[in-house]
Amino acid sequence: MNNKITCIHKLLLDRFGPQYWWPGETRLEIIIGAVLTQNTNWTNASHAITNLKNENLLSVSSLLNLPVDYLAQKIRSSGYYNQKAVRLRNLILLLTESCDPETDADGNVTYDELCLDRFFAEETAVLRNRLLALKGIGPETADSILLYAGNKPVFVVDAYTHRIISRHSLIPEESDYHEIQDLFTSSLPEDAALFNEYHALLVRLGKEFCKKSEPLCMDCPLNDV
DNA sequence: CCCCAGGCGTCCA
DNA sequence: TGGACGCATGGG
């Protein structure tokens with residue numbers, strides 16, 4: 001148990017307020033966004049999503065029928081677009097593995113909702129391994145999908161998380177993804193809404209006070225903890 | 001011109 | 001296991 005982790009959350013929430021990450025969007029959009037934002041700022045990823053939306057391509061069935069080269073051009077603004085197009089393609093294939101557009105066509109839920117309901121119905125650990133088995137889906141992307149699209153209680157670790165807690169000496173700089181994740185999950189109740197807000201708050205803090213280009217977290221609100 | 005952004009896989013010692 | 005490198009756009 002590390003109650004500094006709890007203190008930090010309270011402090012950040014008090015200072016910044018709730019961040020409401022990825023609200024009002026479809027689960028598919030969040031999944032796609034998780035891949036598009038890899039090592040890229042959200043603005044660039046967001047433009048790519050807008051491009052897909054504008055042509056009504058942001059659905060499981062549309063993406064499934066889209067040539068990879070064409071998809072790559074649509075997501076160009078997100079960077080690494082050739083790689084990401086292949087990754088998205090494989091991810092869509094995984095989502096559709098256990099649902100069939102022919103037999104499942106009618107009903108009062110859309111095909112997208114049906115696929116995603118079935119996909120996320122699986123046990124979280126199994127789901128995580130299925131995501132990690134795809135090339136181009138690493139721990140952060142898998143966990144982002146589980147937490148933000150699937151509402152599973154999985155703590156997401158990113159470069160900001162690493163930088164913030166290592167600079168505040170809560171963990172050695174060389175700690176890996178799993179060690180950092182464990183620090184949070186062993187200190188907090190297993191609560192998806194809490195994990196969601198906490199991760200978003202760390203990103204907010206990191207952007208303002210814990211920049212890569214500066215050696216320390218200058219004037220960081222956490223310096224009092 | 002430089003550095004950076006919500007990564008990940010491969011290669012090589 | 002761990003460090004270098006490729007992937008690539010858009011903003012400061």
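**Positive phi angles and the surface near DNA strand C**

N56 is exposed, with 8 other C-beta atoms within 10 Å. The structure described here is a predicted model, and two topics are taken up below: residues with an unusual sign of phi, and the residues that surround DNA strand C. Most residues other than glycine have a negative phi.

**Backbone: N56 and Y20**

- N56, although it is not a glycine, has a positive phi of about 55°, and its place is in the loop between α3 (42-54) and α4 (60-64).
- N56 counts as exposed because 8 other C-beta atoms lie within 10 Å, and the limit for an exposed residue is 12 or fewer.
- Y20, which is likewise a residue other than glycine, has a positive phi near 50°, and this residue sits in the loop between α1 (3-16) and α2 (27-36).
- Y20 is also classed as exposed, because 10 other C-beta atoms are found within 10 Å.

**Surface near DNA strand C**

- DNA strand C is surrounded by N39, T40, N41, T43, N44, R76, S77, G79, Y80, Y81, N82 and Q83.
- By residue class, this surface near DNA strand C divides into 9 polar, 2 nonpolar and 1 charged.
- Two helices, α3 and α6 (81-95), each supply at least two residues of the surface near DNA strand C.
- The largest share of that surface comes from α6, which contributes 3 residues.

Note on methods:
Residues are numbered from 1 along each chain as its sequence is written. Chains are lettered from A and ligands numbered from 1 in the order in which they are written. This is a predicted model: local features need pLDDT of at least 70, side-chain atom pairs count only at pLDDT 80 or more; totals for chains, interfaces and linings use all residues. Helices (H or I, at least four residues) and strands (E, at least two) are DSSP runs, numbered from the N terminus. A residue is buried if 20 or more other C-beta atoms lie within 10 Å of its own, exposed if 12 or fewer, and partly exposed in between; C-beta atoms are placed from the backbone. A residue is near a molecule or strand if its C-beta atom, placed from the backbone, lies within 6 Å of it. Ala, Val, Leu, Ile, Met, Phe, Trp, Tyr, Cys and Pro count as nonpolar, Asp, Glu, Lys and Arg as charged, and the others, Gly among them, as polar.
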